[in-house]
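User: Hi! I'd like to go through this structure with you. Could you take me through its cavities, pockets and charge pairs?
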Amino acid sequence: MSTVLPGSDRLLRRTLGERRIALVAWRLLVLQNADPTVAAGLAEFSTYRAHPWRRVEHTMDSGKRLFFSDREGLTREIARLERTHRRIHGTDGEGRSFTAQDPAVRVWVLVTVYESMTAMGELSGAPLTPDQRDQLYAEFRSVCAAFGLPAELFPPTAADVPAYVDRTVRERLEYTEAAHDLLFQMLRRAPAPRRLGRLRPAWPLLRPVIARMLTALTLADLPPAFRERFGLRRSRSAAALSWVLHRGGRHVLTRLPDRLRYRRQVPGDGTAQQAPAAADHGPGGAARNGWLPRPRRSGRGTARRARVETFFRQVLDQTGDGYLSAADFQAMAHNVCWQLELAEEREALVYEGFDVWWQQIRTSMDTDGDGRVSLAEFTTAVLAGTDQDPDYLHKGLHPALRALFRAADTDGSGYLGADEYRVLFGGSRVDPAELNHGFRQLDADGDGQITEDEFLAAFTAYFTARSDTAAGAQLLGRP
């Protein structure tokens, strides 16, 4: 039986494409987020606490684009990452300045991908031979070369990688809040993954079991130097769990046909296409988790207030801290751009539109002057503003929506067709019936296309409709 991944005979793609790479994925995230710069960027700009599955999906999706696409796709993904990283900078909790463009940090993040591939073999009892390591590292470096990072920052050879990792662990890494959160907290509060399907109601029972197992597995699999430096204990039961899962996974998967052993890849290398996953929240994944979500009613006559409160919690508060800040709106803009794969100039317009929205919210709603907006401040201001000023939404929401509409209008026709609507609000696991119903609701005149005015009118109705029976309250197919 062939062990070659369909469409590619490269060792790098075979290794990354095998399904058991998932067993070291959490370990990879812990190593990356133990870097203080990565952790600072995560704390300041990421939505991983509120939307952990989106964070994981984006990481995996970016990896596929980097390592499984053709040269054009690789260049496009690197350019997208460059634009994202330029916006991530600031000062961390210790008063140290940080930037996601730091070459040494970017090299560490990349090298951890290679190190995780070799760790997968070692943990499974079938380590790569020296020749295989050299081949894998050469293929890996050929991808990394496209980043234009200083070559001297990378370990010179595969044989030098273990010493590089050990040195970085001892000299640079810290036991950051993000690393601790990944190890011990995140899964214990994470919402149910969409992939659970009909098992989602059982998530409250499954979650603590899965969290304990993943914590034990990750602690067992982390490099000894990491555990030693930060005083993390590897129990006998954790070591046994690691042995069973890694060796068992190898014995099972290597006996399966390639279509089951390997994941399908992104377009660009001649393999089957896997539909891109929509973002879990925000404009780029609206239909999945509620760009305009189903409100929780709290009593008679409160439908409108419930919609506004739910919009705050499920859409705007991207960081999950109970407040709105610039980081929440940057995260929403990022998700739009990620979903639509925009060119730089069009991406800048989306960020600009969402920044206008944030500035309007900050200046009009931050009543206590603390630089952030609470649920109470937001709800009170929106309800009063829309009641008293017919142009209230034109000052903030509408510029963001116009940027969103024009970004999705890829052919510049001035309207959204059904396909463009599906890209913006859809995804591989969105019910087509929900998408079709949502499209028909926005298409007020029934001509099979959505104009910008129709787009704005429908979103406006969501905030102004007095009852849930109004069309705007059922936007995107959600009653």
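User: Which helices each supply at least two residues of the lining of the largest cavity?

Analyst: Those are α17 (344-365) and α18. Helices here are DSSP runs of H or I with at least four residues, numbered from the N terminus. A cavity is a set of points on a 1 Å grid over the protein atoms alone where a 1.4 Å probe fits but cannot get out, and lining residues have an atom within 4 Å of a point. Before we go on, this is a predicted model: local features need pLDDT of at least 70, side-chain atom pairs count only at pLDDT 80 or more, and totals for chains, interfaces and linings use all residues. Residues are numbered from 1 along each chain as its sequence is written, and side-chain values use heavy atoms, with hydrogens and water left out.

User: Which helix gives the largest share of that cavity's lining?

Analyst: α17 does, with 4 residues in the lining of the largest cavity. The full lining includes Phe311, Trp357, Phe378, Tyr392 and Phe463.

User: What volume does the largest cavity have, and how many cavities are there?

Analyst: The largest cavity has about 90 Å³, where a volume is the space filled by probe spheres set on the grid points, joined across faces, edges and corners. Searching the whole structure gives 3 cavities of 30 Å³ or more.

User: And pockets? How much space lies in the second largest one?

Analyst: About 440 Å³. A pocket is an open set of grid points with protein on both sides within 12 Å along at least five of seven lines. The second largest pocket is lined by 24 residues, and those closest to its centre are Arg27, Glu115, Ala119, Glu122 and Pro224. Helix α6 provides the largest share of this lining, 6 residues.

User: Switching to charges: how many salt bridges does the structure hold?

Analyst: It holds 23, a salt bridge being a side-chain nitrogen of Lys or Arg within 4 Å of a carboxyl oxygen of Asp or Glu. There is also a network of salt bridges that links Glu18, Arg20 and Arg261.

User: What does Asp387 pair with?

Analyst: Asp387 forms a salt bridge with Arg304, and their closest N and O atoms are 3.3 Å apart. Asp387 sits in α18 (residues 375-388) and Arg304 in α15 (residues 303-316), so this pair ties together parts 83 residues apart in sequence.

User: Is Arg304 buried or exposed?

Analyst: Arg304 is buried, at 7% relative accessible area, whereas Asp387 is partly exposed at 46%. Buried means under 20%, exposed over 50% and partly exposed in between, with a 1.4 Å probe and protein chains only.

User: Which salt bridge lies within helix α8?

Analyst: Asp166 bridges to Arg170, with 3.1 Å between the closest N and O atoms. They are 4 residues apart in α8 (residues 161-171), so about one helical turn separates them. Asp166 is partly exposed at 31%, and Arg170 is partly exposed at 40%.

User: One last topic: which residues of α21 are buried?

Analyst: In α21 (residues 432-442) they are Glu434, Leu435, Gly438, Phe439, Gln441 and Leu442. Seen down the axis, these buried residues fall within an arc of 160 degrees, so they line one face of the helix; the arc is that of the directions from the helix axis to the C-beta atoms. On the other side of α21, Pro432 and Arg440 are exposed.
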